[in-house]
Amino acid sequence: MSGEASDWPRPRGGGKGEGGGAGTGAADKVPQSSDGDPDPARLHEDFNAVWGNPRGWRSVTIVNHTAIGLRFMLTGLGFFLFGGLLAMLIRTQLALPGHTIMTPEVYAQVFTMHGTVMMFLFAVPMMEGLAVYLLPKMLGARDLVFPRLSALGYWCYLFGGLILCASLFLGIAPDAGWFMYTPLASATYTPGPNSDFWLIGITFVEISAVSAGVELAVSILRARAPGMSLDKMPLYAWYILTMAMMIIIGFPPLILGSILLELERAAGMPFFDPTRGGDPILWQHLFWLFGHPEVYIIFLPAAGIVSTLLPVFARRPIVGYAWVVVAVLTTGFISFGLWVHHMFTVGIPMLAQAFFSAASMLVAIPTAIQVFSWIATLWLGRPVFHLPMLWLTGFLVIFVAGGLTGVMLALVPFDWQVHDTHFVVAHMHYVLVGGMFFPLIAGLYYWLPHFSGRMASPALGRWGFWLVFGGFNLNFLVMHWTGLLGMPRRVNTYEAGLGWDLPNLVSSIGGFIMAAGVVTVLADILLHFRFGRPAPDNPWQADTLEWATALPPSPYNFISLPRVEGRHPLWDQPGIGRELAAGRGGLAVIDHGRRETWGTDPASGEVREIIHLPGNTALPFLAALSLAALCIALLAKAYGVALAAAVVVAGLLLRWSWENGAHPAAAPDARTAPGDPPLHSRTADGPGLWGMALTLLADGALYLALLFGWFYLWTVGPTWQVPEGGGMAGSAGRLLLAAAVVHTLAQFGMRRMARGGALRHGAAAFAAVAAGGALALGLVYAALQAAALVVTATAHDAVIAVVLGYSLAHLGMATAVTLLQALRVRRGYVGLEAPYEPLVVARLWHYNGGVLWSSYAALVLFPPAWGGAWGGV
């Protein structure tokens, strides 16, 4: 197939001024050349003065999405190489029977860290990093809506990953498997700090994942180019939106499980100990409530790369855009109903096995819709077979094969036979490596000109592909056979004569061939920075807006912002990049000193406000560094130091929230040009409302997982014990009810403040509401004391203590931020011209009210009702 420029689709439409957008601003403020047109060189200089990134040690203050996205990807690459090295050690150990290169203890640490690094430190962060880098450019924006949150996420990811990996070099790495099953991971069977590194380190890293999920979801919904309605969004944005929502809902159950298991190990609270009313199967439920959606969290962004690249190389729009969007959303929804797919052998009821078996096969339908859309797009197009297409072809072959073995494992009788064998290991690698790694490399080759402004070598890239493709199949295709022959997972050696000798040797050879392919690809990428030919504008003749930027892009992406009329802006408006660079689009003014982008309607994409963004700051770095100190102190059991670090973190975050909204550091000049909408901090519907809503959604997912554990242990726990007195019976229950009533009264007061009452009554009104919150907090603490819980004796008391502790933490947080609002009213940062922040804080109060009332229902009303129905417990 030909790849000449004449073979590409000719862009449609065009004409001078086509890059313009709503509210282009006051033209007389735009630097102009002698002929009256905007002066691009002067514009670039002025924009760079506001948006530019510092160098040297001050680079830790950078919050720009381009730099943060690249940091995510480069750090993910480092962890990938580390995890790949561990994989080679595993394959060396298993190449021949009786190998003793590693002791059983070291082997357990190596295979645990291999899975942990690849799943938690490479796959998800790498995909999030690519999305952080691409989405503002693809959506026609200058940055994500919460730049400081992106920076915090990166530093948490880096520090958490380093803490986790350091454990291996210290000889105390996690060794209970990357899934940390109890009771193996409990203090009884893993008494050292090994499991603690996993539990604390992964929780730290997952702060990063959830932060990025909130950032990406709000940015997609609220910061698109004018005219880019939901039905005109690039498919990649739909995939990332679904992934982000899955992270927000799916990661909190694992965070909760990690907290509970660490509390059991450090404080003796028996959530998973059956001798004291706990249940180790509860850990599996919490883990796989995260774990199976995690598969699709990894796959969907990769599929988004496929749906972005295939139309470009097929030289036609994708077939069935709407069908693909529905399939993506359906995949995300169904994925949360499959977690028991991994638990068929633990003794769950047959009816549940049948349900989850059917659900596991059902998810193949939306996946097949996407595959058929890709095939139809190729069939109806005029494909050109550039290097990225080679990797996409490899993806289609491997992922379809992995999907077929997934359907096999959805059949309960077959799963019983091969569970915990190498067949499952092979299937997992076919789905995850085939479904994620091959599209990722295709995407990296496709967007390399964006990173470097140069083109990679097709010859070296093809060598890398065939080595990876051949080595991968030699490794894992044969591993299916090893599993069918009965070789169990997680064994460090095996005896000769079992039929496993030759398959393991072949798999190991394949693994090293694949590693050689990875090295070839990396060499190609590194060499292209020096020897690659300069890339022309839009080198692939693509249709999405990221190719309308400079190559590589400036920190602000676009000097002026585009308006979009269709799904394929660069095919519809071929000269849009030059028009935007010349300052003929929207928001081409920078003399106010603000970083800003359009805030648009979530559905229609029409302009609502101007979102002004924070500049460079060291606060995210310092907050993450303090969190790292907190984690290290917890690992060392230096709880006094941990408490001090927690206070520092709280202080930094409060300082962070202080420089917000109408604060002079956030908006040095609040004026807007005639015809432009107001700044978001001067409205009642900025992105912070959406950010708070999604943060509380993640918070609520964690709380619901906690209630799930409570009800699960009450109804299913085989040795559930209710101590004499029933915990929350009597005065403890009445105090909790009083706390809920007091909070509800304060909550209504906060609601009135958010609707404008604060503007009439001032700081005193916020102080009064905060006092109500403090009283509710005191009543919950009194309830905790009155319950006389013995948290180390029974899981019953331990769960109650965690539920009440959760309420205390949230009430304290709401009280603190409300007092902060009172101070901001006194300083004039909240008022008639800036009514936005109380609305954000009010959402936290409403959430806390729901938590208190549902906790009262679960802890006080449910136990006697359940006991009455069943004649006691």
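Contact here means heavy atoms within 4.5 Å of each other. On that footing, a good place to start in this predicted model is Gln93, a residue of helix 2 (residues 65–94). Leaving out neighbours within four places in sequence, Gln93 is in contact with His99, Thr100, Ile101, Met102, Tyr107 and Asn492. One of these partners, Met102, also comes up in polar terms: its backbone nitrogen sits 3.0 Å from a polar atom of the Gln93 side chain. Gln93 has a relative accessible area of 0%, so it counts as buried, the cut-off being under 20%.

Next comes the nonpolar core. The largest one holds 280 residues, and the members that touch the most others are Trp374, Trp391, Phe437, Trp447 and Met728. Helix 3 (residues 104–139) puts in the largest share, with 23 residues. The core also takes in at least three residues from each of domain 1 (1–295 + 541–617 + 659–720) and domain 2 (724–870). For a closer look at one of the busy members, take Trp391. Setting aside residues up to four places away in sequence, Trp391 touches Phe437, Phe438, Ile441, Ala442 and Tyr445, along with Gly461, Gly464, Phe465, Val468 and Val521.

That brings up the two domains themselves. The chain is split into domain 1, which is made of three segments (1–295 + 541–617 + 659–720), and domain 2 (724–870). Their C-alpha centres are 31 Å apart, and the contact takes 42 residues from domain 1 and 34 residues from domain 2. The size of an interface is often quoted as the accessible area lost when the parts come together. By that yardstick, about 3100 Å² is buried between domain 1 and domain 2, with carbon and sulfur atoms giving 75% of it. On the domain 1 side, Tyr703, Trp710 and Trp714 lose the most area to domain 2, and together they make up 22% of what that side buries.

What about polar pairing across this interface? The rule finds zero salt bridges between domain 1 and domain 2, but it does find 14 residue pairs in polar contact, both residues being at pLDDT 80 or more. As for the elements involved, helix 6 (235–267) and helix 20 (687–715) each bring at least two residues to the side of domain 1 that touches domain 2. Helix 20 gives the most to that side, with 18 residues.

Salt bridges do turn up elsewhere: a search of the whole structure finds 14. Side chains of opposite charge can pair when their charged atoms come close. Among the pairs is Arg276 with Asp273, at 3.0 Å from N to O. Here Asp273 is buried, with a relative accessible area of 18%, whereas Arg276 counts as partly exposed at 25%.

Another pair, Asp685 with Arg608, meets at 2.0 Å from N to O. This one links distant parts of the chain, 77 residues apart: Asp685 is in the loop between helix 19 (639–658) and helix 20, and Arg608 is in strand 2 (residues 607–613). Asp685 is partly exposed at 25% relative accessible area, and Arg608 is likewise partly exposed, at 31%.

A further bridge joins Arg655 and Glu659, with an N to O distance of 2.7 Å; Arg655 is partly exposed, at 42% relative accessibility. Finally, Asp420, Arg489 and Arg490 are joined into one network by salt bridges that share partners.

Key: Residues numbered from 1 in each chain as written. Predicted model: local features only at pLDDT ≥ 70, side-chain atom pairs only at ≥ 80, totals over all residues. Heavy atoms only, no water. Core = buried A, V, L, I, M, F, W, Y, C linked by side-chain atoms within 4.5 Å. Buried < 20%, exposed > 50% of the residue type's maximum accessible area, 1.4 Å probe, protein only. Helix = DSSP H or I, 4+ residues; strand = E, 2+ residues; numbered from the N terminus. Domains from an automatic or database assignment. Buried area = accessible area lost by both parts, 1.4 Å probe. Salt bridge = Lys/Arg side-chain N within 4 Å of Asp/Glu carboxyl O. Polar contact = N/O pair within 3.5 Å; in protein donor to acceptor, adjacent residues only side chain to side chain.
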